[in-house]
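Here are my notes on this model, point by point. Please read them with the structure open.

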Amino acid sequence: MEIPAGATVYIGPPAKPIAKPLSDAIGAAMGKIPEVVEAHLPMVFIEGQIDPAVQVLVVVLEENRPSSHARISAALGAVLPTSFYVDVMESPTDDPLLPTIRKTGTQLDLNRKLN
């Protein structure tokens with residue numbers, strides 16, 4: 001998903017977040033993709049594009065990496081129920097929306113072990 005230039009974007013914490021077992025599974029799946037440095041599930045509203053507001057998977061990718069959309073979709077397909085859909089927004093590490101996204105408290109645990 002791409003946000004149109006000049007669009008007003010509203011981002012916040014969800015009132016009714018995705019069930020924790022499912023968000024944990026999404027985080028673990030994103031953690032298996034090396035170029036994913038963060039993943040979040042904030043509530044997003046963009047008039048005419050994401051209307052009504054829904055939780056969106058925001059995937060922050062390493063700088064200068066090509067899109068990982070195919071890998072992200074495949075990873076989600078392996079963990080999401082067949083009747084469940086989540087929009088995905090790829091974001092660079094310097095995205096001006098990232099501080100607002102982080103403030104929502106919806107960052108997923110990528111389940112990566114530190115050395």
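1. First, a cut-off. Residues count as buried under 20% relative accessible area, as exposed over 50%, and as partly exposed in between. Arginine 102, at 42% relative accessibility, is therefore partly exposed. Keep in mind throughout that this is a predicted model.

2. Arginine 102 has a salt-bridge partner. Its side chain meets that of glutamate 38, at 2.5 Å from N to O. The two ends come from distant parts of the chain: arginine 102 sits in helix α3 (residues 98-103), glutamate 38 in strand β2, and 64 residues separate them. Glutamate 38 counts as buried, because its relative accessibility is 11%. The bridge thus joins a partly exposed arginine 102 to a buried glutamate 38.

3. How many salt bridges does the structure hold? There are three. Another of them pairs glutamate 35 with arginine 71, with the closest N and O atoms 3.0 Å apart. This pair also links distant parts of the chain, 36 residues apart: glutamate 35 lies in the loop between α1 and β2, arginine 71 in helix α2. Arginine 71 is partly exposed, at 42% relative accessibility.

4. Is glutamate 35 buried or exposed? It is buried, with a relative accessible area of 5%. Leaving aside neighbours within four places in sequence, its contacts are Val60, Leu61, Glu62, Arg65, Ser68 and Arg71. The side chains of glutamate 35 and arginine 71 are also joined by a polar contact of 3.0 Å.

5. Serine 68 deserves a look alongside glutamate 35. Serine 68 belongs to the loop between β4 and α2. It is buried, at a relative accessible area of 3%. Not counting residues up to four places away in sequence, serine 68 touches Glu35, Leu61 and Glu90.

6. The salt bridge of aspartate 24 and lysine 20 is local. Their closest N and O atoms are 2.9 Å apart. Both residues lie in helix α1, four residues apart, about one turn of the helix. Lysine 20 is exposed, with a relative accessible area of 57%. Aspartate 24 counts as partly exposed, at 37%.

7. Now the interior. The largest nonpolar core has 20 residues, and those with the most contacts inside it are Ile26, Met30, Leu57, Val59 and Leu76. Two or more residues come from each of α1 (20-31), β2 (36-40), β4 (50-61) and α2 (69-79). The largest share, four residues, is that of α1. Apart from this core lies another, of ten residues, including Val56, Val58, Val60 and Ile101.

8. Which residues does methionine 30 contact, neighbours within four places in sequence left aside? They are Val36, Ala39, Leu57, Val59, Ile72, Ala75, Leu76, Leu110 and Arg112. Leu57, Val59 and Leu76 appear here as contacts of methionine 30, and they are also among the residues with the most contacts inside the core.

9. Helix α2 has a clear inner face. Its buried residues are Ile72, Ala75 and Leu76. Seen down the helix axis, they fall within an arc of 100°, so they line one face of α2. They pack against α1, β4 and β5 (87-92). The face turned away from the buried side carries the exposed residues Ala70, Ala74, Gly77 and Ala78.

10. Check glycine 27 too. It is placed in helix α1. Its relative accessibility is 0%, so it counts as buried. Beyond residues up to four places away in sequence, glycine 27 touches Leu108, Asp109 and Leu110. Glycine 27 and isoleucine 50 are 23 residues apart in sequence, and their C-alpha atoms are 22 Å apart in space.

11. Last, the aromatic rings. The count comes to one aromatic pair. Tyrosine 10 and phenylalanine 45 form it, and it is tilted: 5.9 Å centre to centre, with 50° between the planes. Tyrosine 10 lies in strand β1 (residues 9-12) and phenylalanine 45 in strand β3 (residues 43-46), so the pair ties together parts 35 residues apart in sequence. Tyrosine 10 is exposed, at 51% relative accessibility. Phenylalanine 45, at 22%, counts as partly exposed.

Note on methods: Residues numbered from 1 in each chain as written. Predicted model: local features only at pLDDT ≥ 70, side-chain atom pairs only at ≥ 80, totals over all residues. Heavy atoms only, no water. Core = buried A, V, L, I, M, F, W, Y, C linked by side-chain atoms within 4.5 Å. Buried < 20%, exposed > 50% of the residue type's maximum accessible area, 1.4 Å probe, protein only. Contact = heavy atoms within 4.5 Å. Polar contact = N/O pair within 3.5 Å; in protein donor to acceptor, adjacent residues only side chain to side chain. Arc of directions from axis to C-beta. Phe/Tyr/Trp six-rings, centres within 6.5 Å; stacked < 30°, edge-to-face > 60°. Salt bridge = Lys/Arg side-chain N within 4 Å of Asp/Glu carboxyl O.
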